[in-house]
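Student: Could you walk me through how to read helix packing, burial and cysteines in a structure like this one? Let's have it on screen before we start.

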Protein chains: 2
Amino acid sequence: MASLALAPAATQRDLSALFNPSSIAIVGASNDPAKYGNWLAVRALRDQKKRAAYLINKTRPTILGHPAAPSLVGLDRPVDLAVVAVPAAGFYDAIEDAIAAEVKAVVAITAGLGETGADALARQDELVARLRAAGIPMLGPNCLGVLDNTTGLDATVNDFKPGSVSIISQSGNVAIDLAEHLAEVGLGVARFASLGNCADLDVADLIDSCVDHEGTAAIAVYCEGFKNGRKFARAAARAAEAGKPVVLLSVGRGAASTRGAASHTGSLVTSGVVLEAVCDATGTELVNSPMEMANLLQALVRTTPPAGTRVAVLADGGGHASLASDSLEAAGLQVEQFTTELSTAVAAELPPNAGVSNPIDVAGGGEQDITCFSRVTRRLIQSLETDAVLMTGYFGGYGGYDPAIVPGEIQAGHDIGALVAEGGASFIAQTMFVDSKPAQALRDGGIAVYRNVEHASWALSRLTRRAQATSQPLPVLPEPTDPLTETGYWTARRALAEAGIPFVPAAEVSTLDELEAAAAGLHYPLVLKALGDEHKSDNGGVILNITDHDALISAWNDVQSRLAPPVCSIEEMAELTDAVELIIGVRRDPTFGPIVLVGIGGVYTELLKDTRCALGPVTPDQARTLLLSLRGSELLSGFRGKPAVNIDAAADLVATLSTYAAAHPEIGEIECNPIAATPAGAVALDARIILDPRP
Amino acid sequence: MASLALAPAATQRDLSALFNPSSIAIVGASNDPAKYGNWLAVRALRDQKKRAAYLINKTRPTILGHPAAPSLVGLDRPVDLAVVAVPAAGFYDAIEDAIAAEVKAVVAITAGLGETGADALARQDELVARLRAAGIPMLGPNCLGVLDNTTGLDATVNDFKPGSVSIISQSGNVAIDLAEHLAEVGLGVARFASLGNCADLDVADLIDSCVDHEGTAAIAVYCEGFKNGRKFARAAARAAEAGKPVVLLSVGRGAASTRGAASHTGSLVTSGVVLEAVCDATGTELVNSPMEMANLLQALVRTTPPAGTRVAVLADGGGHASLASDSLEAAGLQVEQFTTELSTAVAAELPPNAGVSNPIDVAGGGEQDITCFSRVTRRLIQSLETDAVLMTGYFGGYGGYDPAIVPGEIQAGHDIGALVAEGGASFIAQTMFVDSKPAQALRDGGIAVYRNVEHASWALSRLTRRAQATSQPLPVLPEPTDPLTETGYWTARRALAEAGIPFVPAAEVSTLDELEAAAAGLHYPLVLKALGDEHKSDNGGVILNITDHDALISAWNDVQSRLAPPVCSIEEMAELTDAVELIIGVRRDPTFGPIVLVGIGGVYTELLKDTRCALGPVTPDQARTLLLSLRGSELLSGFRGKPAVNIDAAADLVATLSTYAAAHPEIGEIECNPIAATPAGAVALDARIILDPRP
């Protein structure tokens with residue numbers, strides 16, 4: 001698992017003293033077995049042969065029977081890593097001592113600091129500035145410590161079995177939960193870092209460090225909030241590029257975060273949608289629970305990604321064969337019939353009553369000759385007909401009927417591992433006997449083994465999706481340009497038209513004279529819009545299909561008498577017979593910046609929420625992919641005899657809008673709704689910009 | 001868990017000799033430890049003190065050191081249950097012996113019978129007729145036996161820990177898989193019956209028997225196919241009524257089963273959709289895997305169904321608190337803020353840094369005083385603010401930090417169980433320490449305990465949905481009436497109009513004269529339909545909006561020259577401005593009979609598959625519920641200022657169509673697409689009937 005020779009991240013921090021210090025000091029070491037300072041000291045002393053340990057206690061000369069010093073300052077030897085677990089009142093003095101003692105890294109366990117209020121946060125920020133000036137990285141405060149099983153560093157209070165997954169977590173309990181799941185399937189932890197307040201080091205710094213860490217194969221992140229979304233995105237994308245996938249578990253993905261959004265775009269871009277967009281853009285795997293995280297990590301660490309979606313099922317009994325097929329198909333994978341050639345080859349390895357197409361049912365072949373599993377696996381892998389094999393059901397349990405089978409069953413597990421290691425197809429296993437020796441043999445051979453078939457199918461489908469995703473450059477925010485200071489329909493229209501968004505011909509009018517003058521330069525039928533209200537079409541503020549001058553005058557009089565709008569817009573009416581209406585918008589997420597939204601307009605968006613989002617700005621290529629990923633995308637490519645619309649023109653419009661929004665951080669929400677996408681092109685019929693109310 | 005005094009099912013079989021025989025004979029008892037006849041004999045001999053056991057072997061006088069008889073005929077005492085495990089060649093003789101010996105039930109393990117072909121099936125059917133005439137029920141053949149832990153009967157080859165779930169399964173391995181999952185959470189098996197070929201007893205007979213079985217609290221069914229769908233539906237509905245929920249795992253739910261369907265309705269009613277409709281109608285819980293089955297059974301057996309959707313989260317640490325809240329909301333439940341009153345009450349039980357609204361974060365309160373969990377639970381249950389409590393995270397693991405905590409933690413588990421037993425709110429638990437003694441204490445107190453929070457949330461949401469479902473009478477099939485023998489648009493239209501389906505005024509015309517005569521009696525605008533093709537509107541066979549006589553003649557000439565249709569329909573054009581187009585259809589499933597489909601028409605159905613199905617026939621009430629359960633149902637109740645359509649009229653139309661279809665078993669598919677639902681009513685614009693090609 002050597003890491004690729006990637007360029008260091010732009011903001012890369014040297015965290016060698018954090019994960020592999022030559023010496024460690026526990027500041028706040030304690031004799032009280034109910035205190036962190038005690039638990040940390042016990043571990044530091046236990047590991048003294050590997051790494052010099054110093055105990056610091058202001059008042060007591062001995063702790064746990066070992067000499068303790070009153071301060072970091074004045075120790076006989078320099079300390080690399082100071083783990084600070086003193087009460088909040090003594091924290092700032094302890095850090096000053098650490099700076100004075102020229103430690104190389106700090107882990108701040110102490111709670112009750114920046115998280116308690118604005119004043120405390122300001123003081124914490126000042127401290128971070130002093131530490132940064134001194135070149136000392138700090139994890140925490142309010143964290144649960146750090147561990148590196150590849151260097152034998154244990155400065156935390158829980159046990160993590162060694163392995164190749166690095167865990168970066170804002171919750172200790174969630175990390176323990178995950179580690180427990182990993183241990184159940186024979187995986188373990190390379191590094192654990194508890195994030196705490198992220199006063200200095202944040203999740204991106206820790207990801208960057210794990211990317212360059214030889215012992216890390218995959219990175220599990222539990223994070224409740226991101227301070228700098230784009231920095232996280234860069235680190236996550238770099239990890240994906242290095243072949244060290246980031247699996248992200250986050251919370252608060254409901255709609256609460258978008259309360260108060262003023263446009264459709266705003267209300268549709270929830271924090272969950274934003275996270276999905278960020279993960280899509282960075283090759284990050286978003287999951288919903290520690291269990292999903294462990295299920296996916298097992299496949300990411302062990303399984304070669306499939307080259308395609310064709311899966312062969314190798315089962316004993318019709319029940320597990322059918323359950324596996326159903327769960328694979330539900331996960332978007334294919335269980336296709338074999339060719340006669342492959343069926344014949346499979347049949348040669350199995351008893352006559354076996355099912356030899358897909359799914360394969362060995363039908364008791366396992367009891368008769370356990371080697372049938374490896375023999376059939378060889379046939380499947382050697383054929384070019386399948387991208388992956390899912391073995392499911394009873395493997396690992398045959399020895400339960402007859403102990404004489406056990407050695408052969410274990411050997412079959414090893415044989416399958418060796419076959420799969422040679423390549424040719426991916427392989428994943430489900431068994432009711434996950435804790436059996438044959439299952440362990442599979443794992444020893446590098447095979448992911450699941451207790452539940454839906455988890456195996458799900459993980460395989462995520463791997464497949466990951467393998468099929470085309471790598472796109474991470475969007476870069478342009479420099480901000482002249483900010484808009486006012487909004488309103490015509491301000492928005494003019495700004496966007498100047499940026500390159502095509503609009504229908506139109507004019508801004510306030511009087512009947514202006515209206516008539518403008519109409520003379522436009523082609524009927526026309527549309528009259530009374531401006532100044534949010535949902536113009538809901539309260540009769542938009543008069544469509546004005547076919548001549550008389551109708552125009554009567555529409556004007558009608559609108560004036562009912563709504564008395566301060567200003568109107570008179571516009572040519574787009575020909576919509578062969579058009580598909582789109583909604584296109586950008587919302588500036590406070591953490592991650594511009595998020596682009598596309599949707600098919602009208603009820604598709606409002607009722608069916610058929611919209612997709614991406615981290616902005618997007619290229620025309622990315623915009624096209626986004627449009628084609630809509631559930632209703634068939635409408636764009638010509639539905640039931642209609643001509644296809646010009647998707648490239650629509651994609652260009654999306655890309656242009658997203659680039660404009662990205663250069664305008666003052667804009668909170670921006671929306672063109674609808675866009676008329678026609679066979680000839682794409683044109684905006686409306687525009688709306690809302691400035692960001694945040695200071 | 002006493003069973004309610006329900007009336008016996010109409011087809012109720014007396015299965016007391018199957019599940020509680022006073023004596024058992026193993027026919028085909030064997031000394032060969034690789035044979036079922038050996039395994040069965042070992043168990044029968046082991047249980048001899050409970051139940052007399054006879055070993056039958058044609059040739060050997062002793063088996064396993066015990067005397068064996070050559071035949072069931074001529075034993076000194078009568079045998080209640082004959083378990084037949086002889087080779088296929090000797091099966092029919094063995095059954096003749098069983099009939100002659102007047103056994104009271106047969107379990108047929110023997111394979112290679114009716115499942116091997118048509119002739120073998122005919123012979124098997126003859127045998128069943130003889131057994132039925134003799135009043136002897138038979139399980140199998142080709143099955144894995146039967147077990148009843150409440151009577152100590154073990155006539156199978158696997159071990160099932162005792163408990164209250166009865167398993168009826170077409171796969172032995174799936175049953176073992178499920179039983180393993182149940183055992184992990186401290187549940188067990190009341191009865192196990194392996195279905196095999198269902199030559200005589202089918203899944204419905206076994207469900208009926210379990211409904212009347214005092215030791216059964218819930219019924220788990222794994223079934224790959226149903227011989228008599230409506231009989232299953234009646235048994236499942238009777239089980240639900242008796243408070244013994246049926247949880248159904250089935251397979252083959254993909255679209256393959258509807259290949260060759262000729263209408264939209266046909267292609268949309270997949271076997272998965274049919275099963276969902278059957279389960280909705282019968283109160284059956286449909287699941288996708290053994291794991292889901294066990295997760296749901298745990299809640300069904302242990303947890304009082306919540307009265308509503310409000311859930312209080314009781315967590316230790318922000319991570320698990322947030323993960324639980326997200327997973328509950330994703331499952332459709334509510335995690336609402338507490339009132340100040342309840343927050344204050346909760347705060348009184350917890351340390352000052354705890355989060356005391358919803359979700360509650362005890363924030364280390366567990367380490368300080370483990371009784372906080374039961375004290376907070378009391379507050380929550382006594383308030384009227386929550387329908388259920390989800391405790392999540394670390395409970396069961398506090399003793400790991402300090403063994404002195406363990407006894408208190410176990411006591412807290414018991415205390416919570418006692419509180420919950422008093423009622424007031426449902427309670428469900430998730431913990432990382434499912435195997436701990438405190439978790440066991442919770443289970444002993446009747447609380448469902450999950451390892452993964454998404455499973456707890458999912459199970460709770462299924463219980464909630466179940467509690468909220470209104471009980472509807474199971475649809476009954478009417479007697480068939482005069483069958484249709486031909487189809488075609490006008491045949492369908494006339495038949496349906498006669499049945500009470502409103503259509504737009506129209507006439508069938510074959511000549512220009514007929515056209516002009518018919519048009520004179522209709523109101524313009526008109527629609528001309530060239531008949532004889534399936535997707536009329538896709539190839540220009542429907543001319544809309546014919547506004548006058550000239551346009552009518554030109555439409556006629558156009559259609560004649562392009563398509564030369566044998567017959568046309570001239571119809572008034574429905575006013576669709578305020579209409580919502582619906583698709584309504586019925587497909588006759590070969591197993592379950594008429595399945596009703598409703599959808600919102602056009603792209604909603606074709607592109608977005610926004611359709612819902614129900615077991616037919618439906619009442620107008622059920623039809624209304626079905627329509628309102630569509631994703632796009634807001635369109636019906638007045639979307640963006642449009643008037644609401646007359647949903648009752650649409651529901652009447654659905655009910656009428658479903659009743660008509662139910663009385664016409666010769667019809668394979670029937671469809672009205674579109675229906676125009678308007679504020680004034682509902683009217684059909686098209687009709688299509690396809691006879692069932694099955695003999």
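**Reading the model, feature by feature**

Tutor: Helices α3(A) and α4(A) run roughly parallel to each other, a label for angles under 35 degrees, with over 145 being roughly antiparallel, 65 to 115 roughly perpendicular and the rest oblique. Before we go on, this is a predicted model, where local features need pLDDT of at least 70, side-chain atom pairs count only at pLDDT 80 or more, and totals for chains, interfaces and linings use all residues. Residues are numbered from 1 along each chain as its sequence is written, chains are lettered from A and ligands numbered from 1 in the order in which they are written, and side-chain values use heavy atoms, leaving out hydrogens and water.

Student: What is the angle between α3(A) and α4(A), and how far apart are their axes?

Tutor: Two packed helices are described by the angle between their axes and the distance between the axes. Here, helix α3 (residues 91–100) of chain A packs against α4(A) at about 5°, with the axes 11 Å apart. Axes are lines fitted to C-alpha atoms, for helices over the stretch in contact, and angles run from 0 to 180 degrees between N-to-C directions. Helices (H or I, at least four residues) and strands (E, at least two) are DSSP runs, numbered from the N terminus.

Student: Which residues of α3(A) and α4(A) meet?

Tutor: From α3(A) you get A:Phe91, A:Tyr92, A:Ile95, A:Glu96 and A:Ile99, and they meet A:Ala120, A:Arg123, A:Gln124, A:Leu127, A:Arg130 and A:Leu131 of α4(A). Contact means heavy atoms within 4.5 Å. The residues of this contact split into 7 nonpolar, 1 polar and 3 charged, where Ala, Val, Leu, Ile, Met, Phe, Trp, Tyr, Cys and Pro count as nonpolar, Asp, Glu, Lys and Arg as charged, and the others, Gly among them, as polar. As for the spacing, an α-helix has 3.6 residues a turn, so residues three or four places apart point the same way.

Student: How do α5(B) and α10(B) cross?

Tutor: The axes of helix α5 (residues 172–184) and helix α10 (residues 290–302), both of chain B, come within 9 Å and cross at roughly 40°. That makes α5(B) oblique to α10(B). The crossing is right-handed; that means the near helix is turned clockwise from the far one by less than a right angle, while anticlockwise would be left-handed. On the α5(B) side, B:Val174, B:Asp177, B:Leu178, B:His181 and B:Leu182 meet B:Pro290, B:Met291, B:Met293, B:Ala294 and B:Leu297 of α10(B). The contact residues divide into 8 nonpolar, 1 polar and 1 charged.

Student: Now burial. Is A:Thr678 buried or exposed?

Tutor: Buried means under 20% relative accessible area, exposed over 50%, partly exposed in between (1.4 Å probe, protein chains only). A:Thr678 has 16%, so it counts as buried. This threonine sits in the loop between β27 (667–677) and β28 (682–684) of chain A. Leaving out residues up to four places away in sequence, A:Thr678 touches A:Glu575, A:Asp578, A:Ala579, A:Val645 and A:Asn646. For contrast, A:Thr485, in the loop between α18 (453–468) and α19 (489–499) of chain A, is exposed at 70%. A:Leu121, in helix α4 (residues 118–133) of chain A, is partly exposed at 37%.

Student: Where is B:Arg462 found?

Tutor: B:Arg462 is in helix α17 (residues 453–468) of chain B, and at 10% relative accessibility this arginine counts as buried. Neighbours within four places aside, B:Arg462 is in contact with B:Glu285, B:Leu286, B:Val287 and B:Leu296.

Student: How many disulfides does the structure hold?

Tutor: A disulfide is a covalent bond between the sulfur atoms of two cysteines. The criterion is a pair of cysteine sulfur atoms within 2.5 Å, and the structure holds 0 over all chains. Take A:Cys143: its sulfur is 9.3 Å from the closest cysteine sulfur, in A:Cys198, too far for a bond. A:Cys198 is in no disulfide either, with the nearest cysteine sulfur, that of A:Cys223, 6.3 Å away. A:Cys143 is buried at 2% relative accessibility, and A:Cys198 is buried at 8%.

Student: How far apart are A:Thr485 and A:Ile667 in sequence and in space?

Tutor: They are 182 residues apart in sequence and 9.4 Å apart in space, C-alpha to C-alpha.
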